[in-house]
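Open the structure in your viewer and show the side chains as sticks. Follow the stops below in order, selecting what each one names.

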Amino acid sequence: MRNIKYVTLTILSLFGFFVTACGGGSSGNGTITVSPPVISLPIQELRILVIGQSISSNCNEYVYGPVDNVFQVGIEGTVKAASDPFEWADCRNGSMWMPLGKKIIEAGIARKVVFMPIGIAATKVEDWQVGGTAFGKLTSAIAQIQKRGMIFDLAFWHQGFSNSGTEKSVYINKVSSVLDYVDSKVKIDRWLIAVHSRCYDGYDRNIEAAQVVLGGMSELKRYPGPNNNLLGNEYRFDNCHLKQIGQEKMALMWLDSVKAALK
């Protein structure tokens, strides 16, 4: 009997050790929580999916050429050298992704950066939901990702102004449904949620507040992205889309968000 008790206690102790070693722990309500994986820098290849509206999709002013070790997932799913405009992008002008890729490499975060920006100008969050006007493009991108067996370290959500007038809770629920859908199809380690509810003469504080909430859901792998609303018209060529100093500024802001999310 004494030997049986000893064996039982030993097994329980080993179980506790393995739970702790694997990052598990109790949240206080009986639920085991798992910490995000520790990331060693530099990452050999950092992959970033981008979903959003025009500012995320080559509708900005300055057109960037190729940058060493900055790549894109092409329309057929192959990884190739990147330059503006990106193949999946909706507009044919400039992005903030080329300068961001360069800054990520220079900061020692990654040796190689691969972007897949699939945004569409003027899209509402509803357009990205099942049956929406952007859903076909989303499913096409997902099909290529699945075909190639790709995993993304980060996904950026940069959308919002088109939903001006939407209630905060409604916007949170709709964005969550899109992110949940993508998560069910693609392996994404972390989402970064940008604040974007200001264009032209409009500024929606409810959308801004909703995006702050979405970026604070670390338990769902959602982290804060940059606040695009902080950029005044001196950074924009039409009081909405970015000129080169705005693209460079947003790239720096995205860099700060990436650094924070990867800690």
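The tour goes from a helix to a group of rings and ends in a loop.

This is a predicted model: local features need pLDDT of at least 70, side-chain atom pairs count only at pLDDT 80 or more, and totals for chains, interfaces and linings use all residues. Residues are numbered from 1 along each chain as its sequence is written, and side-chain values use heavy atoms, with hydrogens and water left out.

**Stop 1: helix α2**

Select α2 (97-106); helices (H or I, at least four residues) and strands (E, at least two) are DSSP runs, numbered from the N terminus. Seven of its 10 residues are buried, so α2 is largely enclosed by the rest of the structure. Buried means under 20% relative accessible area, while exposed means over 50% and partly exposed lies in between (1.4 Å probe, protein chains only). Colour W97, M98, P99, L100, G101, K103 and I104 to see the buried residues. Their cover includes β3 (46-52), β4 (70-73), β6, β7 (151-158) and α6. Just after α2, G108 has a positive phi of about 80°.

**Stop 2: α2 against α6**

Add helix α6 (residues 244-261), which packs on α2 at an angle of about 45° with the axes 8 Å apart. Axes are lines fitted to C-alpha atoms, for helices over the stretch in contact, and angles run from 0 to 180 degrees between N-to-C directions. Which residues of α2 and α6 make the contact? From α2 they are W97, P99, L100, K103 and I104, and from α6 they are Q247, E248, A251, L252, W254 and L255. Contact means heavy atoms within 4.5 Å.

**Stop 3: the rings**

Now select F86, W97, F115, F156 and W254, which ring pairs link into a cluster. Rings of Phe, Tyr and Trp (its six-membered ring) pair if their centres lie within 6.5 Å; planes under 30 degrees apart count as stacked, over 60 as edge-to-face and the rest as tilted. The whole structure holds eight aromatic pairs. In one of them, F86 and F115 meet edge-to-face, 6.2 Å centre to centre with 80° between the planes. F86 lies in the loop between β5 (79-81) and α2, and F115 in strand β6 (residues 113-117), so this pair ties together parts 29 residues apart in sequence. F86 is buried at 0% relative accessibility, and F115 is buried at 0%.

**Stop 4: Q159**

Finally, select Q159 in the loop between β7 and α4 (168-185). Is Q159 buried or exposed? Q159 is buried, with a relative accessible area of 0%. The C-alpha atoms of Q159 and G52 are 4.4 Å apart, although 107 residues separate them along the chain.
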